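Biologist: Please take a close look at one strand of this chain and at what surrounds it. Then say what can be stated about the pocket.

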Amino acid sequence: MAASMENMNRLMKRKTDLEAEIKALNDVLDSQQGVGLKEPLVDEEGFPRADIDVYSVRHSRHQVICLQNDHKVLMTEIEEELYKIHAEARKQKGEAMDTDDDQSVQSHSLAERLSPFTEVDRVDEGSPASEAGLKVGDSIVQFGSITASKFQSLLNIASVVQHSKDNPLKVIVRRNNKDTHLNLTPKTWSGRGLLGCNIVPMKR
């Protein structure tokens, strides 16, 4: 488990570094009259534009495309590593419960056996979390495929959110000692993040 988490941290650092490199290159493109990745590099007469550094633009565009491809491959690696971490956690805990999300969400008896592992301390108005019905004070019993026995850190939650963008997640929250089943879809909205809420570990 320790090796898997170490590898996950390495992959996440690489993801951060890649995104920083891509942003820096996009800043270069923006500084060249905002040419971006698609604006023409020649004028109306077919000559190289004199108002930009054509070489720098071409080089930056090529680098951005290469790094974006690397980013896609990396995200696949992160998803696979997350799966390994969950599999190892299940093995260590000797779990024998069904991992089918739909069945687990529908099963009240399963929900009763699960313990909350994180809680919500902020929900932004108009956010995906708000639309799904998430409320401040909710204790999260299940978040996608993550339960208390699989939860290692908030990195688990962040990875699931990133890989579930625009796809509904099955979430079970404990509210007033009752379990409530929600469908939460991480997506881009007018505010920060893909959820518009803040999730923190349970206070022990």
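Modeller: What follows goes from the whole chain to strand β2, and then to the largest pocket. This is a predicted model, in which local features need pLDDT of at least 70 and side-chain atom pairs count only at pLDDT 80 or more, while totals for chains, interfaces and linings use all residues. Residues are numbered from 1 along each chain as its sequence is written, and side-chain values use heavy atoms, with hydrogens and water left out.

The chain has six helices and five strands, where helices (H or I, at least four residues) and strands (E, at least two) are DSSP runs numbered from the N terminus. Their order along the sequence is α-α-α-α-β-α-β-α-β-β-β. Of its 204 residues, 38% are buried, that is, under 20% relative accessible area with a 1.4 Å probe and protein chains only. Among contacts (heavy atoms within 4.5 Å) with a separation of 6 or more, 66% are between residues 24 or more positions apart.

Strand β2 covers residues 139–143 and includes S139. Five of the five residues of β2 are buried. S139 counts as buried because its relative accessibility is 13%. Leaving aside residues up to four places away in sequence, S139 touches P116, T118, E119, I172, V173, R174 and M202.

β2 pairs with two strands, where pairing requires that DSSP finds at least two bridges between them. With strand β1 (residues 118–123), β2 is antiparallel over two bridges, and E119 stands opposite S139. With strand β3 (residues 169–175), β2 is also antiparallel, joined by four bridges; there V173 is the bridge partner of I140. Both E119 and V173 are also on the list of residues that S139 touches.

The largest pocket holds about 480 Å³ of space. A pocket here is an open set of points on a 1 Å grid over the protein atoms alone, where a 1.4 Å probe fits, with protein on both sides within 12 Å along at least five of seven lines; lining residues have an atom within 4 Å of a point. The volume is the space filled by probe spheres set on the points, which are joined across faces, edges and corners.

The lining of this pocket has 20 residues, with A158, V161, G193, L194 and L195 nearest the centre. Helices α1 (2–31), α2 (54–93) and α6 (154–163) and strand β5 (197–201) each supply at least two lining residues. The most come from α6, with seven. By class, the lining has eleven nonpolar, six polar and three charged residues; Ala, Val, Leu, Ile, Met, Phe, Trp, Tyr, Cys and Pro count as nonpolar, Asp, Glu, Lys and Arg as charged, and the others, Gly among them, as polar.

Conventions. Buried < 20%, exposed > 50% of the residue type's maximum accessible area, 1.4 Å probe, protein only.
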